[in-house]
Each structure stands twice: as structure tokens, then as C-alpha cells.
Amino acid sequence: MQLPALFMLLGLLLSATAMAESHEDGLDPQRQAELETLLYQDCGSCHGMTLRGGLGPALPRDRMEGFSVEALAHIIQHGIPGSAMPGWKALLSDDEARWLAEHLRTDNRLETLQQD
């Protein structure tokens, strides 16, 4: 393969990788808003509307930071066997589960349960 063709192929591969990563990292703003509503409404039915706990445990940001995005996304997708936590894989894509996991770790409205 000639050098210019190799550079062109490399450029196409890098471009495809960047497109896949940007799609993975960024859900459109409307879907993000829907997922946030899902979190505080549907997940809130067990974890509390403000995520302070209920049937399920509280989900404050400082606690969520102790889990990796991958671990939280796995719990969201597959649930916790033997508990009331269902898996949401039938309703959420892997990207959506990762977005929710990242949101819980970084943009969660409930920062902590600790009283100052």
C-alpha cells in the first residue's frame, strides 16, 4: 500500500472512531432530559423522588462516586438479583445506562446525606 493511501485509510479509521465515541458520549439533549425525568420519577418511586431512599437505598452523589460508571451501568441494565432492583436493559440502551450512571456520579441533585 502506498503511503498516501495508508494515511487516507488511517484518517478514515480515526474519523470513524471519533464518530463512534461522540455518539457514545453524547445523547441528544431531549433524550438526556427524558432520562433525567426517568431517574427522578421511575427510579424515584423506589429510591425516593429526591433519591434520599425508600424501598431502595439513597443514591447521593458522594456514594455514587464510589462506583465506576461501568459498575453502575451494569446495575441499571441488569438489576440486582434477589432484590427489588429490576434490570432496565429492555428499555435502555447501553449508552443510556452509562449516561444515567455518569449523571448519578457527577450531576446528581443529591450531593450527600451528610448534615453539615
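**Exercise 1. The largest pocket**

Task: In this predicted model, determine which helix gives the largest share of the lining of the largest pocket, and describe that lining by class.

Solution:
- Step 1. The largest share comes from α2, with seven residues.
- Step 2. Helices α2, α3, α4 and α5 each contribute at least two residues to the lining.
- Step 3. The pocket has a volume of about 510 Å³. Its lining counts 26 residues, and the closest to the pocket centre are His47, Leu59, Ile75, Ile80 and Met85.
- Step 4. Sorted by class, the lining consists of 20 nonpolar, four polar and two charged residues.

**Exercise 2. The sides of α4**

Task: Find which residues of α4 are buried, and state against which helices they pack.

Solution:
- Step 1. Val69, Leu72, Ala73, Ile76 and Gln77 are the buried residues of α4.
- Step 2. These residues lie on the same side of α4, because the arc they cover around the axis is only 135 degrees.
- Step 3. An α-helix has 3.6 residues a turn, so residues three or four places apart point the same way.
- Step 4. The buried residues of α4 pack against α3 and α5.
- Step 5. Glu70 also belongs to helix α4. Its relative accessibility is 58%, so Glu70 counts as exposed, the cut-off being over 50%.
- Step 6. The C-alpha atoms of Glu70 and Asp94 are 9.8 Å apart, with a separation of 24 residues in sequence.
- Step 7. Just after α4, Gly79 has a positive phi of about 75 degrees.

**Exercise 3. Leu51 and the nonpolar core**

Task: Is Leu51 buried or exposed, and what residues are in contact with Leu51 beyond its neighbours within four places in sequence?

Solution:
- Step 1. Leu51 sits in the loop between α2 and α3 (61–64).
- Step 2. Its relative accessibility is 0%, and the cut-off for buried is under 20%, so Leu51 counts as buried.
- Step 3. Once neighbours within four places in sequence are set aside, the contacts of Leu51 are Leu39, Tyr40, Ala58, Leu59, Pro60, Leu104, Asn108 and Leu110.
- Step 4. The largest nonpolar core has 21 residues, and Leu51 is among those with the most contacts inside it, together with Leu35, Leu39, Ile76, Leu92 and Leu100. At least two residues of this core come from each of α2 (29–47), α4 (69–78) and α5 (94–106).
- Step 5. In soluble globular proteins, nonpolar side chains tend to be buried together.
- Step 6. The backbone of Leu51 has a phi near 65 degrees, a positive value in a residue other than glycine. Most residues other than glycine have a negative phi.

Notes:
Residues are numbered from 1 along each chain as its sequence is written. This is a predicted model: local features need pLDDT of at least 70, side-chain atom pairs count only at pLDDT 80 or more; totals for chains, interfaces and linings use all residues. Side-chain values use heavy atoms; hydrogens and water are left out. A nonpolar core is a set of buried Ala, Val, Leu, Ile, Met, Phe, Trp, Tyr and Cys residues joined through side-chain atoms within 4.5 Å. Buried means under 20% relative accessible area, exposed over 50%, partly exposed in between (1.4 Å probe, protein chains only). Helices (H or I, at least four residues) and strands (E, at least two) are DSSP runs, numbered from the N terminus. Contact means heavy atoms within 4.5 Å. The arc is that of the directions from the helix axis to the C-beta atoms. On a 1 Å grid over the protein atoms alone, a cavity is a set of points where a 1.4 Å probe fits but cannot get out, and a pocket is an open set with protein on both sides within 12 Å along at least five of seven lines; lining residues have an atom within 4 Å of a point. Grid points are joined across faces, edges and corners, and a volume is the space filled by probe spheres set on the points. Ala, Val, Leu, Ile, Met, Phe, Trp, Tyr, Cys and Pro count as nonpolar, Asp, Glu, Lys and Arg as charged, and the others, Gly among them, as polar.
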